[in-house]
Amino acid sequence: MTESPTRLSFTLRAVDGRARVGEFMVNGRVVETPVFMPVGTAGSVKALPPEDLAALGAQICLGNTYHLYLRPGVEIVRQAGGLHRFINWEAAILTDSGGYQVFSLQELRKIEPDGVRFRSHLDGSEHFFSPEGVFDIQAGLGSDIAMVLDVCTPYPADHEQAAKDLEVTLDWALQSKSRSDSLTGSYMSNMSNWSYSSLPALFGIVQGSVYADLRAASARRLVEIGFDGYAIGGLSVGEPKSAMWEMTEATVPHLPADRPRYLMGVGTPEDLIMGIDRGIDMFDCVLPTRAARHGTAFTPDGPLTVKAGRYSDDFTPLDAECTCPTCRGYTRAYIRHLFNAGEISAMILTTRHNLHFYLSVMRRARRAIRGSEWTSFRDGFLARYRSDAHNRS
């Protein structure tokens with residue numbers, strides 16, 4: 001098979017070293033890259049309503065096929081007019097295939113040649129995900145970008161196991177692509193059977209654990225099948241950080257320059273910079289929202305644990321340079337008080353700040369790349385972020 005994407009167009013706007021600025025359009029929605037995608041697993045970014053997310057400048061967010069399939073179910077979302085209408089979000093949506101969630105169930109799932117059988121973590125009911133069925137679910141949800149069903153090899157795993165899992169992943173990727181292509185031909189002539197005007201674009205997922213030969217082979221074979229974009233999966237699952245970057249560097253050279261590259265589940269602010277430096281275009285991670293709910297705010301000088309006692313009478317913002325609504329109106333002392341009092345607003349305020357910080361890092365990175373100033377921006381950002389200026393206790 002050869003690459004014949006029909007639902008996502010990607011244009012490179014600037015390159016500085018390996019760092020790239022691009023733009024893709026999918027289902028009429030434009031996304032500038034590099035981009036960070038806030039995670040809304042069950043159709044909601046935790047502690048932040050969609051209108052706040054839009055006001056922060058988020059261009060795309062994530063939903064999770066496994067969780068949305070189980071609750072509220074595809075039919076409910078269909079009846080609502082699709083995921084965009086259901087969650088009140090006009091910008092782009094990428095849905096993960098649910099593969100990571102299914103394979104993390106361990107005792108509740110069984111891999112079969114044509115898919116994976118699993119029991120719901122909610123009520124124990126039995127379900128089956130096939131590559132074709134998972135694409136259909138994502139199409140039914142009205143996603144803009146769908147991910148193929150893959151086998152996420154746990155860490156550690158030996159080469160034999162990783163290779164075995166990879167073969168299954170590649171076979172499933174081919175089945176997913178075939179299903180996507182077959183629906184494309186009949187889509188417009190059977191509009192009454194569908195709720196939305198467009199099918200999702202489809203991304204392949206590179207696997208291979210921490211083995212460079214498998215990563216390279218995976219990337220090459222996915223490109224032969226042909227996808228709208230390519231993700232690097234199965235990393236940030238417990239392997240050393242150095243191994244994550246080694247596998248990224250083993251993969252990127254084998255991916256086409258004219259398609260988006262997505263490093264799944266990554267990561268810290270440092271990781272975003274390091275990923276962009278290696279030619280990555282798309283990132284997602286629960287870290288900024290999860291850390292916020294536990295009282296950690298991200299700043300240019302590193303993470304700040306606002307619940308710490310020394311901030312009880314600190315009447316400065318979380319970040320004096322930040323322009324987010326939280327930093328414009330609230331102090332560290334007040335937010336610390338809210339956490340100690342168990343107020344939900346503490347999580348909302350800190351989540352708003354953290355996502356603003358992540359999204360602003362992406363905006364600054366794009367500006368630096370366009371201005372051929374990436375290296376100085378990268379070095380300056382990392383030096384300051386790692387400076388331990390807050391003493392981080």
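## Salt bridges, a small sheet and two cores

Asp379 and Arg378 form a salt bridge whose closest N and O atoms are 2.8 Å apart. The model you are looking at is predicted. Asp379 counts as partly exposed, at 40% relative accessibility, whereas Arg378 is buried, with a relative accessible area of 19%; that value falls on the buried side because the cut-off is under 20%.

This pair belongs to a wider set: a search of the whole structure finds 21 salt bridges. In general, side chains of opposite charge can pair when their charged atoms come close. Here are three of the pairs side by side.

| Acidic residue | Basic residue | Closest N to O distance |
|---|---|---|
| Asp379 | Arg378 | 2.8 Å |
| Asp314 | Arg332 | 3.1 Å |
| Asp52 | Arg352 | 3.5 Å |

Let's take the Asp52 pair from the table. Asp52 lies in helix H1 (residues 50–55) and Arg352 in helix H14, so their salt bridge ties together parts that are 300 residues apart in sequence. Asp52 is partly exposed at 23% relative accessibility, while Arg352 is buried at 16%.

For the Asp314 pair, both partners are buried. Asp314 sits in the loop between strand E16 (302–305) and helix H12 (325–329), and Arg332 in helix H13 (residues 332–340), so this bridge joins parts 18 residues apart in sequence.

Helix H14 (residues 344–370) also packs against helix H15 (residues 374–385), at an angle of about 150° and with the axes 8 Å apart. On the H14 side the contact uses Phe357, Val361, Arg364, Ala365, Ala368 and Ile369; H15 supplies Trp374, Phe377 and Phe381. By type, the contact residues divide into eight nonpolar, no polar and one charged.

Next comes an open sheet of three strands, ordered E7-E8-E9 with antiparallel pairing. Strands E7 (109–112) and E9 (126–129) stand at the edges with a single partner strand each, so one side of each has no neighbour in the sheet. Neighbouring strands are turned by 15° against each other on average, direction ignored. Strand E8 (residues 115–119) pairs with E9 over four bridges, and the bridge partner of Phe118 in E9 is His127. A network of salt bridges links Glu112, Arg117, Arg119 and Glu126.

What about the nonpolar interior? The largest nonpolar core has 63 residues, of which Phe36 and Phe129 touch the most other members. H14 gives the most to this core, with nine residues. Phe129 has contacts including Tyr66, Val116, Phe118 and Leu149. A second, separate core of 40 residues includes Ala146, Leu214, Ala219 and Leu255.

Conventions
Residues are numbered from 1 along each chain as its sequence is written. This is a predicted model: local features need pLDDT of at least 70, side-chain atom pairs count only at pLDDT 80 or more; totals for chains, interfaces and linings use all residues. Side-chain values use heavy atoms; hydrogens and water are left out. Axes are lines fitted to C-alpha atoms, for helices over the stretch in contact, and angles run from 0 to 180 degrees between N-to-C directions. Helices (H or I, at least four residues) and strands (E, at least two) are DSSP runs, numbered from the N terminus. Contact means heavy atoms within 4.5 Å. Ala, Val, Leu, Ile, Met, Phe, Trp, Tyr, Cys and Pro count as nonpolar, Asp, Glu, Lys and Arg as charged, and the others, Gly among them, as polar. Two strands pair if DSSP finds at least two bridges between them. A nonpolar core is a set of buried Ala, Val, Leu, Ile, Met, Phe, Trp, Tyr and Cys residues joined through side-chain atoms within 4.5 Å. Buried means under 20% relative accessible area, exposed over 50%, partly exposed in between (1.4 Å probe, protein chains only). A salt bridge is a side-chain nitrogen of Lys or Arg within 4 Å of a carboxyl oxygen of Asp or Glu. Lists of a residue's contacts leave out its neighbours within four places in sequence.
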